[in-house]
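Here is a friendly briefing to read alongside the model. Keep the viewer open as you go through the bullets.

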Amino acid sequence: MEPHYTESIAKIILFDPIDFGANRLCILSSHATPSMASWLLTTYKEQGITGISTELIMEAVLYDGIDNISHDGFKELHGRRYSNKCSISCSYLFQPPTSKSNLFIWLQDDVPVQAFDCSYDFTQTSLLQSNKGSITVQSATHAYRLYDNAVTRSIFCNHSEIEEYIIIRSSTASPSFADTKFHNNCVHLPLITRTGEPGKRSGLNWGQRNKRNKNEAYIPLPSRIAKSGFFPLNKQHFLVVTDDHHTLQLRVEQQNDKAITTPASNAQLGEYFRNRLGLANGAYVHASDLKAYGRTDVVFYKIDDEQYYMDFSSGGNR
């Protein structure tokens with residue numbers, strides 16, 4: 001099945017120039033999300049696109065700062081090199097001025113070849129879900145000059161002195177703040193089947209098959225919840241902060257949208273749950289392991305379209 005963005009603005013901006021030899025994408029965007037960056041890297045990999053270097057500068061952080069969850073998400077992606085030799089760097093603008101629009105500039109090695117000036121932010125909500133906005137083709141040389149100037153006024157997200165330049169806000173989005181707007185917008189997903197056990201070769205035990213990474217896992221997603229609009233579909237990513245202060249990039253996938261997985265590696269989610277349960281990597285997960293821990297379900301709270309909170313605290317079954 002072709003991805004939802006096939007005929008969208010994302011294809012024009014993020015994919016078409018590659019067909020003409022472009023291999024370096026420089027983005028100057030007012031707002032950006034780690035989920036959009038993760039989606040782009042994963043989609044390049046899944047489409048067999050290789051050798052694309054993406055460089056992102058976010059401008060709104062100059063005045064608004066950034067919440068610590070998004071900041072952690074960007075740091076995790078920054079500099080990660082995928083097997084298809086694609087990578088992304090993430091920087092924050094710390095000195096004015098800011099641009100009045102978003103610039104997406106494509107280069108072939110170091111030569112600017114195409115540029116788009118548009119109203120679309122580097123977010124999934126803007127690029128993958130919205131059809132309303134403006135886009136114009138601009139001089140690539142001029143646009144890259146503006147971007148290059150912003151480079152001198154920006155700082156990498158993983159810089160050791162980042163908090164001296166940018167305000168990193170503590171997120172108040174965690175449901176631990178007893179905010180009813182989050183408690184009324186949550187779903188409970190069981191990790192066991194109707195038999196009372198996890199799936200033998202599904203769910204947390206998805207990888208328990210020959211020649212598979214035994215850590216591979218997914219969280220089963222009932223059809224009624226998949227169809228409810230609670231989670232983004234069409235392989236869009238969403239950033240999750242967990243009750244034990246980890247961040248995970250997740251997405252809904254598989255036939256009939258039946259699974260929540262970690263797209264960077266299916267084993268990442270299995271490693272996370274086995275660690276929480278005190279099991280060895282690759283261990284088979286039994287119901288007795290979940291019950292000894294005190295939990296046979298996981299709860300997701302929706303913060304916004306690209307950010308969620310996941311509760312798997314022990315003894316938390318409801």
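**A sheet, its helices and a cysteine pair**

Strand 12 (residues 237–242) and strand 16 (residues 307–311) run parallel to each other, paired over 4 bridges. This is a predicted model, in which local features need pLDDT of at least 70 and side-chain atom pairs count only at pLDDT 80 or more, while totals for chains, interfaces and linings use all residues. Residues are numbered from 1 along each chain as its sequence is written, and side-chain values use heavy atoms, leaving out hydrogens and water.

**The sheet**
- Helices (H or I, at least four residues) and strands (E, at least two) are DSSP runs, numbered from the N terminus, and two strands pair if DSSP finds at least two bridges between them.
- Seven strands are a lot to trace by eye, so here is the order: the open sheet of 7 strands reads 10-15-16-12-13-14-11, with mixed pairing.
- At the edges are strand 10 (186–190) and strand 11 (219–220), each pairing on one side only.
- Thr-242 has Met-310, in strand 16, as its bridge partner.

**Helices on the sheet**
- Helix 4 (residues 68–77) packs on the sheet and touches strand 12, strand 13 (247–253) and strand 16; contact means heavy atoms within 4.5 Å.
- The direction of helix 4 makes about 115° with that of strand 12 (axes are lines fitted to C-alpha atoms, for helices over the stretch in contact, and angles run from 0 to 180 degrees between N-to-C directions).
- Helix 9 (residues 266–277) also packs on the sheet, touching strand 11, strand 12, strand 13, strand 14 (259–261) and strand 16. Its direction makes about 125° with that of strand 13.

**Helix 6**
- Ala-140, Ala-143, Tyr-144, Tyr-147 and Ala-150 are buried in helix 6 (buried means under 20% relative accessible area, exposed over 50%, partly exposed in between, with a 1.4 Å probe and protein chains only).
- Seen down the axis of helix 6, the buried residues fall within an arc of 110°, so they line one face of the helix; the arc is that of the directions from the helix axis to the C-beta atoms.

**Cysteines**
- The structure holds 0 disulfides, a disulfide being a pair of cysteine sulfur atoms within 2.5 Å.
- The sulfur of Cys-90 is 4.9 Å from its closest cysteine sulfur, in Cys-157, which is too far for a bond.
- Cys-90 is buried, with a relative accessible area of 0%, and Cys-157 counts as buried at 0% relative accessibility.

**Ile-66**
- Ile-66 lies in strand 3 (residues 66–67) and counts as buried at 6% relative accessibility.
- Ile-66 and Ser-171 are 105 residues apart in sequence, yet 9.1 Å apart in space, C-alpha to C-alpha.
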